[in-house]
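Grab your viewer and work through a few short exercises. Each one sets a task and then walks through a solution.

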Amino acid sequence: MIERGENKEYLPIEGLAAFNKVTAELLFGADNPVIKQQRLATVQGLSGTGSLRLAGAFIERYFPGAKVLISSPTWGNHKNIFNDSRVPWSEYRYYDPKTVGLDFEGMIADIKAAPEGSFVLLHGCAHNPTGIDPTPEQWEKIADVIQEKNHIPFFDVAYQGFASGSLDTDAASVRLFAARGLELLVAQSYSKNLGLYAERIGAINVVCASSDAATRVKSQLKRIARPMYSNPPIHGARIVANVVGDPALFNEWKAEMEMMAGRIKGVRQKLYDNLTATDKSGKDWSFILKQIGMFSFTGLNKAQTENMTNKWHVYMTKDGRISLAGLSLAKCEYLSDAIIDSYH
Ligand code: PMP
């Protein structure tokens with residue numbers, strides 16, 4: 001960077017132009033009409049959290065009284081973000097403990113029952129904490145009810161590329177909604193997929209009905225950002241722009257992501273194989289394989305997670321979530337024995 005003469009002057013309020021361009025293209029695809037028609041307002045944010053917080057302030061200011069619907073359960077910080085933004089929120093059903101899968105009927109019913117024009121927060125891929133994503137057919141149905149009710153989809157994309165190993169596959173949910181011509185919001189994070197946790201690099205994207213609306217939305221997002229933090233940090237933005245802008249680095253990144261996602265899938269398979277080989281109760285463990293991303297819901301309740309910790313010294317969150325990124329193939333058998341013992 002020194003050789004290139006790059007300095008540490010302030011960025012504009014909306015962030016690094018080269019970053020904003022590539023982040024939008026990674027999300028929507030460079031040829032997407034929302035980009036071609038300039039219907040997109042992209043503002044660099046302080047990673048996923050800061051981008052969600054900007055959106056929270058935007059909703060509070062321009063949609064007074066509008067509610068954000070969040071999945072039950074969801075990433076713990078969502079509630080804090082909307083509380084501090086003074087945006088009312090309520091939950092829609094998502095996790096079904098009976099199947100350790102998606103409560104699709106409950107989800108659809110709750111989205112339908114919400115007041116018209118609510119914001120529906122959706123995890124673009126690799127739902128945290130459950131690891132349970134809707135199927136492409138279910139995404140279509142979710143889009144149908146959102147459209148019917150004039151709701152506004154609001155995506156949190158914290159794991160693009162990290163779920164399936166493909167940036168495009170993991171953005172399919174967002175692109176499906178954009179292709180319907182809906183106005184929508186997307187918060188992005190590069191913490192996980194580029195390992196840039198401490199750089200605080202991400203973006204808030206607002207797809208608008210017209211380029212004129214996008215210009216005005218961007219201007220209002222800047223008005224919100226200015227008194228909050230003035231302007232965002234440059235280092236992480238340059239890293240993302242440089243990686244994506246250099247074909248060799250971009251390919252290296254994509255290959256590494258594929259490897260990471262592949263390793264996690266391998267760990268899932270091994271854990272499933274151990275569980276089915278050892279457990280004689282007839283329990284269906286296929287939910288382990290159906291889930292995606294670094295997190296997995298084991299279906300263990302609080303008392304069972306305590307058995308995991310006290311007897312087996314497996315430390316995990318009390319909601320039954322484990323991180324597969326921290327699990328080696330060599331430890332799958334031990335973990336599977338611990339899970340079976342705690343279940344029964
Ligand atoms: N959304 C979800 C669903 C997450 O899991 C995370 C990180 N744990 C974030 C947003 C934000 O992370 P960051 O602020 O580091 O980008």
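The exercises below go from the annotated domain to the ligand shell, a helix pair and some backbone oddities, all in a predicted model.

**Exercise 1. Find the annotated domain and describe its secondary structure.**

Step 1: Start with the record. An unreviewed UniProt entry puts "domain: Aminotransferase class I/classII large" at residues 4–339.

Step 2: Now look at that stretch. Residues 4–339 come out as 48% helix and 15% strand, with the end C-alpha atoms 53 Å apart.

**Exercise 2. List the residues around the ligand, then sort them by class and by element.**

Step 1: Collect the shell. You should get Ser47, Gly48, Thr49, Trp75, His123, Asn128, Asp156, Ala158, Ser189, Ser191, Tyr197 and Gly202.

Step 2: Sort by class. The shell splits into 3 nonpolar, 8 polar and 1 charged.

Step 3: Ask which element gives the largest share of the shell. That's helix H3 (residues 47–62), with 3 residues.

**Exercise 3. Work out how helices H6 and H8 pack.**

Step 1: Pick your descriptors. Packed helices are described by the angle between their axes and the distance between the axes.

Step 2: Get the values. The axes of H6 (residues 136–148) and H8 (residues 172–179) come within 10 Å and cross at roughly 40°.

Step 3: Classify the angle. Angles under 35 degrees count as roughly parallel, and 65 to 115 as roughly perpendicular. H6 and H8 are therefore oblique to each other.

Step 4: Add the handedness: H6 passes H8 in a right-handed crossing.

Step 5: Find who touches whom. From H6, Pro136, Trp139, Glu140 and Ala143 meet Ala172, Ser173, Leu176 and Phe177 of H8. By class, this contact has 6 nonpolar, 1 polar and 1 charged residues.

**Exercise 4. Hunt down the unusual backbone angles and place each one.**

Step 1: Recall the baseline. Most residues other than glycine have a negative phi, and most peptide bonds are trans.

Step 2: Scan omega. Serine 72 and proline 73 are joined by a cis peptide bond, with omega about 5°. Proline 73 sits in the loop between strand E2 (68–72) and helix H4 (77–84).

Step 3: Keep scanning. The bond from asparagine 128 to proline 129 is cis too, with omega near 20°. Proline 129 is in the loop between strand E6 (119–123) and H6. You've met Asn128 already, as one of the residues around the ligand.

Step 4: Scan phi. Glutamine 38 isn't a glycine, yet its phi is positive, near 55°. Look for glutamine 38 in the loop between helix H2 (33–36) and strand E1 (40–46).

Definitions and conventions. Residues are numbered from 1 along each chain as its sequence is written. This is a predicted model: local features need pLDDT of at least 70, side-chain atom pairs count only at pLDDT 80 or more; totals for chains, interfaces and linings use all residues. UniProt positions are given in the numbering used here, feature names are shortened, and annotations may be inferred rather than shown by experiment. Helices (H or I, at least four residues) and strands (E, at least two) are DSSP runs, numbered from the N terminus. A residue is near a molecule or strand if its C-beta atom, placed from the backbone, lies within 6 Å of it. Ala, Val, Leu, Ile, Met, Phe, Trp, Tyr, Cys and Pro count as nonpolar, Asp, Glu, Lys and Arg as charged, and the others, Gly among them, as polar. Axes are lines fitted to C-alpha atoms, for helices over the stretch in contact, and angles run from 0 to 180 degrees between N-to-C directions. Angles under 35 degrees count as roughly parallel, over 145 as roughly antiparallel, 65 to 115 as roughly perpendicular and the rest as oblique. A crossing is left-handed if the near helix is turned anticlockwise from the far one by less than a right angle, and right-handed if clockwise. Two residues are in contact if their C-beta atoms, placed from the backbone, lie within 7 Å.
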